[in-house]
Amino acid sequence: MEGTKDVIIIGGSLSGLMHAIVLKSLGHNVRILERSSPELLRSQAAGLGTGGELQQLIDEYVKPESPYCTTLGAIEWINKDGEIVGQFGPSRPFYLSTWSIVYRLCKSALLQPAPGSSAKPAIYETGQLVKSVHPSGSKINVEYLDTVSQQHHALEADLVIAADGGNSTIRRSLHPEVAPQYSGYVTWRGAVTESEVSEATRKVLHGRTIMTRMEAGYIMSYYVPAENGSLSPGDCQYIWVWYQMLPEGEEFNSNLTDADSRQHTTTIPRGRMREEIWAKMRARGRKHLSSPFVDLLEHTHDPFLSAIRDCKSPKAVFHDGKLLLVGDAFSLFRPHAGAATSQAARQALSLVKVLKGDMSLEAWETEAIDHAQRIHAFTNAMGSYCFTGVVPPILAALLPTANEAMEQTKD
Ligand SMILES: Cc1cc2nc3c(=O)[nH]c(=O)nc-3n(C[C@H](O)[C@H](O)[C@H](O)COP(=O)(O)OP(=O)(O)OC[C@H]3O[C@@H](n4cnc5c(N)ncnc54)[C@H](O)[C@@H]3O)c2cc1C
C-alpha cells in the first residue's frame with residue numbers, strides 16, 4: 001500500500017473517526033460519509049469504556065489537553081440492602097468516559113489542520129447514506145444518497161473503510177449470512193448528574209462501579225465525567241445499565257415500540273420511550289433494587305433501551321484489499337466488557353503498520369479475526385457470569401472468588 005490514497009470511510013462514529021485520524025496522520029486524503037445527523041448520534045450516547053488500545057490511540061493521535069475519563073477500580077456487587085457481597089478488579093488499567101466526549105475529541109482531532117501535511121483537510125459529511133460499494137479496475141466506487149437533498153452521488157477511492165456499525169449494510173452485501181443474533185436480553189440505560197441525587201446515594205455510588213444481581217437480570221452504575229469533561233464532584237455523571245432477560249415476543253415488541261408507535265429492532269433512542277413502559281420499569285426497580293439505584297432511575301430524564309445482539313465476520317478484507325470491514329461492522333460484541341471500541345482502535349493501529357509496510361494485510365486480517373474470536377468468547381462468558389454468578393472456566397483466573405454464592409433478589 002504505497003502513495004497518497006483517497007480514502008472513503010463509511011460511518012462517522014468512533015471506528016470511522018479513529019481510522020480517519022490514523023490515515024490522515026499518514027498523509028492520506030480522508031472523507032467520512034455518515035448517514036445520521038449529529039443530534040441523532042447524540043441521542044444514543046451514554047458511558048464508554050476507554051481502556052486498552054483505545055487509550056493508546058487517544059494518547060498517540062488525539063492528545064487531549066485535559067482529562068476526559070475516570071479510572072475503573074474494583075467492581076463491587078451489593079445486595080438489595082446495600083451491603084457489599086463480592087468484588088473483582090479489572091485485570092489491567094481501564095478507564096471510563098462517555099461516547100459523546102470521545103466522539104468530540106476524535107472529531108476535533110481529525111478536523112484540525114495538520115501543518116506541513118500534504119494531505120487535503122479531512123471531510124466529515126452527515127446525512128450521507130451509503131447504498132453500495134463495488135470495485136472498478138484499480139479503484140473502488142461508493143454510491144450514496146444525500147438524505148437532505150435526496151440526490152444520489154458516486155465517488156471513486158483507492159481504499160474504502162466500512163465502519164458502518166453492527167447492522168452494516170456493507171457486511172450484509174458481502175456476507176448476507178452473518179447477521180447479528182439476539183442474545184435474549186436487553187439493556188435499559190441512563191445518565192444522571194451527581195448533583196441531582198441524594199447525599200445517601202452519593203455516599204454509596206461516588207467514584208465507584210457497583211452492580212446488583214436479581215432474577216433474570218443485573219444492574220450496574222459507574223462514574224464518568226460530565227459531558228463538558230468536568231471531573232468535579234457534583235458535575236460527574238452516574239451511568240447506569242440494567243440488563244434484563246427478555247425473550248422475543250409480545251413484551252419485547254411492546255418495549256421496543258416508541259412514543260410514535262414505531263417499532264424498533266435494536267434501540268429506542270433517548271426521549272422516545274413510552275412513559276408507561278418507563279413507569280413499569282421504575283416500579284420494578286422500586287421492588288427489587290437498593291435505594292441508590294432507585295434514586296438513579298427516578299432522576300433519569302431520558303432512558304433508552306437496546307436489544308443486545310452479536311455476530312462476527314469470517315473476513316475483514318475484500319476486493320483485493322480495497323475494502324476493509326472494521327469495528328462493529330466487522331464483529332459486534334455484547335457490551336459486558338466494554339471491548340467494542342478497543343477492537344476498532346486495535347484495527348486502526350495495526351492498519352498504520354500495514355500502510356508503513358511493517359505488516360501484511362493478510363496478517364492484519366488474521367490478527368483481527370483472532371482477536372474478535374477471543375473477545376467474543378470473553379464477553380459472552382462475562383455476561384453469563386454477571387447474570388448467574390457462576391464463573392465460566394475462561395474467566396477463572398480473572399474472577400478467583402466469584403463462584404461464592406451471590407445474593408439474588410427474586411422477582
Ligand atoms: C450514536 C451512538 C452512540 C453510542 N453510544 C455508545 C455508548 O454510550 N457506549 C458504548 O459502549 N457504545 C456506544 N455506541 C456503540 C459504539 O460506538 C460502538 O460499539 C463502538 O465504538 C464501535 O463503533 P463503530 O463505529 O464500529 O459502530 P457504531 O458506533 O455503531 O457506528 C456506526 C456508524 O455508521 C453509521 N452508518 C451506518 N450505516 C451507514 C450507511 N449505510 N452510510 C453511512 N453511515 C452509516 C451510523 O450512523 C453510525 O454512526 C454508540 C454508537 C452510536 C452510533
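These legends describe close-up views of a predicted model. Local features need pLDDT of at least 70, side-chain atom pairs count only at pLDDT 80 or more, and totals for chains, interfaces and linings use all residues. Residues are numbered from 1 along each chain as its sequence is written, and side-chain values use heavy atoms, with hydrogens and water left out.

**View 1. Polar contacts of the ligand.** Three side chains place a polar atom by a ligand oxygen (a polar contact is a pair of N or O atoms within 3.5 Å; within protein, one must be able to donate a hydrogen and the other to accept it, and residues adjacent in sequence count only if both atoms are side-chain atoms). For Ser-13 the distance is 2.6 Å. For Glu-34 it is 2.6 Å. For Asp-328, an N or O atom of the side chain lies 2.7 Å from a ligand oxygen. On its own, the ligand has 910 Å² of accessible area, and the protein covers 88% of that (Shrake-Rupley method, 1.4 Å probe; for residues, only the protein chains shown count as cover).

**View 2. The shell around the ligand.** The ligand has 28 residues around it (near means one heavy atom within 4 Å). Ser-13, Ser-15, Glu-34, Leu-41 and Ala-46 come nearest. The shell holds 12 nonpolar, 11 polar and five charged residues (nonpolar: Ala, Val, Leu, Ile, Met, Phe, Trp, Tyr, Cys and Pro; charged: Asp, Glu, Lys and Arg; polar: the others, Gly among them). Strand 9 gives the largest share, three residues (helices are DSSP runs of H or I, at least four residues; strands are runs of E, at least two; both are numbered from the N terminus).

**View 3. Helix 8, residues 275-288.** This helix has 14 residues and reaches 20 Å from first C-alpha to last, close to the 20 Å expected (1.5 Å times one less than the number of residues). Its buried residues are Ile-277, Trp-278, Met-281, Arg-282, Gly-285 and His-288 (buried: under 20% relative accessible area; exposed: over 50%; partly exposed: in between; 1.4 Å probe, protein chains only). They lie on the same side of helix 8, because they cover an arc of only 135 degrees around the axis (taken from the directions from the helix axis to the C-beta atoms).

**View 4. Thr-267 in strand 17.** Strand 17 spans residues 267-268 and includes Thr-267. Thr-267 counts as buried, at 15% relative accessibility. Its side chain makes a polar contact with that of Ser-306, at 3.1 Å.

**View 5. Helix 10 and Gly-357.** Of the 16 residues in helix 10, 13 are buried, so the rest of the structure largely encloses this helix. Just after helix 10, Gly-357 takes a positive phi of about 85 degrees.
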